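Visitor: Hi! Could you walk me through this structure?
Guide: Happy to, let's look at it together.

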Amino acid sequence: MNTITDAVKFYSHVLLFRFKGGSPREYRRQWDSYWRTVNATGPGGEVLWDNAPERASAEDMQRFAAHLDPGLPLVDLGCGNGRQSRFLARHFQRVIGVDVAPAAIELAQRETRGTPEEGKIDYRVWNGAVAGEAEALHAEIGDANIYMRTVFHCVQAPDRPCFVASLAALLGDRGTLYQIELNRSALDTFRKLPGDSPSGLPELVHKVVKNGIHPIGFSKQDQERYYPDDRWIVLDQGDAVAIETVRLGHGAPALVPANFLVLRPRRGRR
Ligand SMILES: C[S@@+](CC[C@H](N)C(=O)[O-])C[C@H]1O[C@@H](n2cnc3c(N)ncnc32)[C@H](O)[C@@H]1O
């Protein structure tokens, strides 16, 4: 997408999505409405990021596994349909997949039923942008590690402090957080790909944002702001990584620029 016409088409749709979808802070309603439209998942399906674990959480594990206490439960935060949760459950004793969208949790439960991992995973509807939900989960499961793949980049600025407080509450004194998030140029990457939707975006991206979901990205400045050095210890980080999407309309997956962090709260500073 390069021309002025393309830009007009794109921004007029962004306005329309905002008008119809309401505030991008209504995570539960908007993500639920997205997940209710999903009919086919996995690498050949219609969920943009739902790639095979070999191209997703398996790569992530190489970055975080050495830093975790493997005896703690692992929370897959914003687990969607649970494809990565199921892979993680092959490597960790207990996985709890949490997601703000009831439709995602229903789908995750359905797709997990009858798999060898079923007995090791619980799924819960849970919202990281609502104060108190993390404390309630922590009271139940104790300190936990967190795996978070492409969730924070959609959390809007006013909710980010609460969201980070939720992460810290779940981690407690012993947990470690791994996050991999799209950076702030991710939407531009999608806009440069061949568009096959009314907004000019690839159809699988359009299918997400038309619900009012507003991806912002996660940058180095966000890291400094939300995980300041006096509160968080950075165990590892990298910004030369990518999220690989499923195959898009032009016949190939996209590699979307991302960054990862492995973090732990400083003791006594939660
Ligand atoms: C881009 S998807 C990634 C799904 C999954 N992590 C994966 O990689 O397959 C983002 C997920 O985060 C969930 N989500 C968004 N905001 C959330 C919040 N405030 N609390 C919990 N989950 C949230 C969405 O419902 C969605 O399933």
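Visitor: Which residues is Leu167 in contact with, leaving aside its neighbours within four places in sequence?
Guide: Those are Ile146 and Leu177. Contact here means C-beta atoms, placed from the backbone, within 7 Å. Before we go on, this is a predicted model, where local features need pLDDT of at least 70, side-chain atom pairs count only at pLDDT 80 or more, and totals for chains, interfaces and linings use all residues. Residues are numbered from 1 along each chain as its sequence is written.

Visitor: Cool. What is the largest nonpolar core like, and how many residues has it?
Guide: The largest nonpolar core has 70 residues, and Leu167 is one of those with the most contacts inside it, along with Val75, Ile146, Met148, Leu170 and Tyr178. Such a core is a set of buried Ala, Val, Leu, Ile, Met, Phe, Trp, Tyr and Cys residues joined through C-beta atoms within 7 Å. Buried means that 20 or more other C-beta atoms lie within 10 Å of a residue's own, exposed means 12 or fewer, and partly exposed is in between, with C-beta atoms placed from the backbone.

Visitor: And which helix gives the most to this core?
Guide: That is α7, with 7 residues. Helices (H or I, at least four residues) and strands (E, at least two) are DSSP runs, numbered from the N terminus.

Visitor: Where does α7 lie?
Guide: Helix α7 (residues 160–171) lies across β1, β4, β5 and β7, at about 145 degrees to β4. Axes are lines fitted to C-alpha atoms, for helices over the stretch in contact, and angles run from 0 to 180 degrees between N-to-C directions.

Visitor: Switching to the strands: in what order do they form the sheet?
Guide: The order is β3-β2-β1-β4-β5-β7-β6, an open sheet of 7 strands with mixed pairing. The edge strands, β3 and β6, each pair on one side only. Two strands pair if DSSP finds at least two bridges between them.

Visitor: What about the loop between β4 and α7?
Guide: Thr150 lies in that loop. Thr150 has a positive phi of about 55 degrees although it is not a glycine. Most residues other than glycine have a negative phi.

Visitor: Is Thr150 buried or exposed?
Guide: Thr150 counts as buried because 21 other C-beta atoms lie within 10 Å.

Visitor: Buried or exposed for His250?
Guide: His250 counts as exposed, because it has 12 C-beta neighbours inside 10 Å. His250 lies in the loop between β6 and β7. Not counting residues up to four places away in sequence, His250 touches Leu193 and Pro194.

Conventions
Contact = placed C-beta atoms within 7 Å.
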